[in-house]
Amino acid sequence: MLDFQIKHREGSEDNGIVVHESYSSDFMIDGKSLLAELVSKAGGHGDFLGCFARDWDNLNKHSLKQLLLQEPPETESGRSLIYVCPECADIGCGAYGCKITKVDDEYIWNDFAYENGYEDPDPIKEIGPFKFSATEYESVVKRAFSL
């Protein structure tokens, strides 16, 4: 089952370093945070912005089209980015993505990886594939977009 929760990142400022506050989507699969699962399997930090975020109109529109397969991913790997840099949303800072396909009445997320656009993607083998009914998937993605 696919759903999402709102991920809150607190803002701060210390010695001229500003961390921006944000509210973004964290996809939940069978009641578990996808971001937490990715970080658990891949290691590293969990400070990422979901692909739908308040006041990030360009990111949101772009993500909606990619997740609904209305336009192809911009990554060389063919992955759509699900979690991005919380400051700039640029793949160069590192991002988590997956390949999204639609077969009959199901969307499938598989082939997850961490990538930055200039090194080979780092596949995350122990996660997915996930299959979602088209009705459920499109509803959740559109609600996350409206966040």
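In which loop does Gly117 lie? I looked this up in the predicted model and placed Gly117 between β9 (106–115) and β10 (122–123).

**Entry on Gly117.** I next asked whether Gly117 is buried or exposed. The relative accessibility is 51%, so I recorded Gly117 as exposed. I also checked a residue distant in sequence: Gly92 is 25 residues apart from Gly117 along the chain, and their C-alpha atoms are separated by 5.8 Å.

**Entry on cysteines.** I searched the whole structure for disulfides and found zero. For Cys51, which is in no disulfide, I noted that the nearest cysteine sulfur belongs to Cys98, 9.1 Å away. Cys51 has 0% relative accessibility and therefore counts as buried. Cys88 is likewise in no disulfide. For Cys88, the nearest cysteine sulfur is that of Cys93, at 3.6 Å. A disulfide requires the two sulfur atoms to lie within 2.5 Å, so I did not assign one to this pair. I entered Cys88 as partly exposed because its relative accessible area is 40%.

**Entry on nonpolar cores.** How many residues does the largest nonpolar core have? I recorded 31. The residues with the most contacts inside this core are Phe27, Leu34, Leu67, Tyr83, Trp109, Phe112 and Tyr137. I then looked up which element supplies the largest share of the core, and noted helix α3 (residues 134–145), with five residues. I also found a second, separate core of seven residues. Among its members I listed Ala53, Leu59, Leu81 and Ala89.

Key: Residues are numbered from 1 along each chain as its sequence is written. This is a predicted model: local features need pLDDT of at least 70, side-chain atom pairs count only at pLDDT 80 or more; totals for chains, interfaces and linings use all residues. Side-chain values use heavy atoms; hydrogens and water are left out. Helices (H or I, at least four residues) and strands (E, at least two) are DSSP runs, numbered from the N terminus. Buried means under 20% relative accessible area, exposed over 50%, partly exposed in between (1.4 Å probe, protein chains only). A nonpolar core is a set of buried Ala, Val, Leu, Ile, Met, Phe, Trp, Tyr and Cys residues joined through side-chain atoms within 4.5 Å.
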